[in-house]
Amino acid sequence: MKTLIKNGTIITDRNEFQGDILIEGEKIAAIGRSICDEKEGDRVIDAGGKLVMPGGVDQHTHFSALCNVGDKDTAGYETTDSAIVGGTTTIVDFAPQDPGRGLLDSIDYRINVRAKDKACVDFSLHAMVTDLMDSIFDEIDLFPEKGISNIKIFMAYNGSPLHVDDGSYYRILENAKKVGATVFVHAENGEILDFLRRECVKKGQLTPKYHYVSRPPFTEAEGVRRAAYLAGKVGTPLYVAHVTCREALDEIKEARGKGINVNGETCTHYLTTTKEVLDHPDFNEAAKFVCSPALRDQEDIEALWEALNNGLLTGISSDHCGIDVAELKQAGRDDFTQIPNGAPGAGDRFSMIWTYGVEGGRISRQKFVELISTKPAKINGIFPQKGALEVGSDADIVIFDPSWEGTVRLADNPNGVDYNIYEGRKQTGKVETVLLRGNVAVEGGKFVGNHGMGRFVPAKMYAGCYSGI
Ligand code: URP
Ligand code: ZN
């Protein structure tokens, strides 16, 4: 089957031109101006007046987010249709250890059971430590044959199985380096957070607002500083997940100045939303925004955009985490420390960053493609199969209508959760058509593919953070 996309404005991370793309089977076969006659295509898509971009790569998602803390498997891969409707064709999802299982078993289970017949996007996986059983350190040796090029650890969440102590982190850094894996870190000083949270509870400060009060920027900055220092000692590339504030950026900059190989990302919500949403008097409205690290101030938002433009940060992710308000977030109604952390956003990353970033005059269209697609693909060892409009790349393509004006509504792109944190926001531009490996998955902004069309994408070792992105 040959598909020809004609007359669009093709946008890559380096370029922009009027042209056509010819797809043969699952791959891009040709790209350029008037590359072939219309008759070449079994199917012709007219992209006149539209923008044609590589499908988004969201390198930080938590589908089936709560699978490691009980029998609830919320917002699993069956809800990835929201991601592809929103312009993301590949996710790099976290694979927390299932109860009693190691890293690789949990990865196999995710590929063969959780995602099977459900995924609507292609997916790679990060190993994620959520149980420091002795065997996990040696499992890292087997990453190359499994196609896993990253391992994520949490410095925060002390007292829960997610927390990784510094000694274990150091061991993980050493083993990751041996096989060319990158270490992703959730950098916050868990011990100080623990103290500050307990202090709030002692004083009766129990509403969601105290989530941000008890997670000040310095606790994130200290986590980044320590994580980078130790990574530098071992010589393992470090990727800091969800950077939120100026103080943390300063630490990345200082570490880089000392020659430490540290990169980082931020997320849609940290670029678009300030912490005041947590002051809302209605618990449900505030609890939607409880995520970690906490939301910050406008001056941090400005610093993050600057860092994206100057290369200090190299990706924008959703940190998608589907936890509904009506049930799960209620656990913290009387005590903010019990509110499960995380918010959905995989379906909104592309359009919100276009609206606030490109339309907001903060980033160029090329920078948009770089941050939404190309660099995340490089960092995760799946470029140029993903994240590129190049001959031989997977035909993962978004056709985008930049003239669309409207409002975000959960009903227009249900995400398997009972809210959308961008509900009611103005949106400029809309994903109209999406192809996943040459197959039309979204048409007229609606999912027309099938659950199970998404495949596991094995990653290459020594990915972007090793070679320079
Ligand atoms: O609050 C968040 N971000 N929840 C998801 C887990 C994590 O910390 O990334
Ligand atoms: Zn996360």
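**Exercise 1. Decide whether Lys50 is buried or exposed.**

Step 1: Take the relative accessible area of Lys50, which is 17%. Step 2: Apply the cut-offs: buried means under 20%, exposed over 50%, partly exposed in between (1.4 Å probe, protein chains only). Step 3: Lys50 is therefore buried.

Before going on, note that this is a predicted model: local features need pLDDT of at least 70, side-chain atom pairs count only at pLDDT 80 or more, and totals for chains, interfaces and linings use all residues. Residues are numbered from 1 along each chain as its sequence is written, chains are lettered from A and ligands numbered from 1 in the order in which they are written, and side-chain values use heavy atoms, with hydrogens and water left out.

**Exercise 2. Place Lys50 and find what it touches.**

Step 1: Find the loop between strand E4 (43-46) and strand E5 (51-54); Lys50 sits there. Strands (E, at least two residues) and helices (H or I, at least four) are DSSP runs, numbered from the N terminus. Step 2: List contacts (heavy atoms within 4.5 Å). Leaving out residues up to four places away in sequence, Lys50 touches Gly8, Thr9, Ile399, Phe400, Asp401, Pro402 and Glu432. Step 3: Look at the side chains of Lys50 and Glu432; a polar contact of 3.4 Å joins them. Such a contact is a pair of N or O atoms within 3.5 Å; within protein, one must be able to donate a hydrogen and the other to accept it, and residues adjacent in sequence count only if both atoms are side-chain atoms.

**Exercise 3. Trace the sheet that holds strand E6.**

Step 1: Read the order, E12-E11-E10-E9-E8-E7-E6-E15: 8 strands in an open sheet, with parallel pairing. Step 2: Mark the edges, strand E12 (262-264) and strand E15 (320-321), each of which pairs on one side only. Two strands pair if DSSP finds at least two bridges between them. Step 3: Check E6 (residues 56-62) against E15: they pair over 2 bridges. Thr61 stands opposite His320 in E15.

**Exercise 4. Describe the lining of the second largest pocket.**

Step 1: Find the residues closest to its centre: Val85, Asp412, Asn413, Gln427 and Lys430, out of 18 lining residues. Step 2: Name the elements that give two or more residues: strand E16 (397-407) and strand E17 (426-436). E17 gives the most, with 3 residues.

How values were computed
1 Å grid on protein atoms, 1.4 Å probe; cavity = no way out; pocket = protein on both sides within 12 Å on 5 of 7 lines; lining within 4 Å. Nonpolar A, V, L, I, M, F, W, Y, C, P; charged D, E, K, R; others polar.
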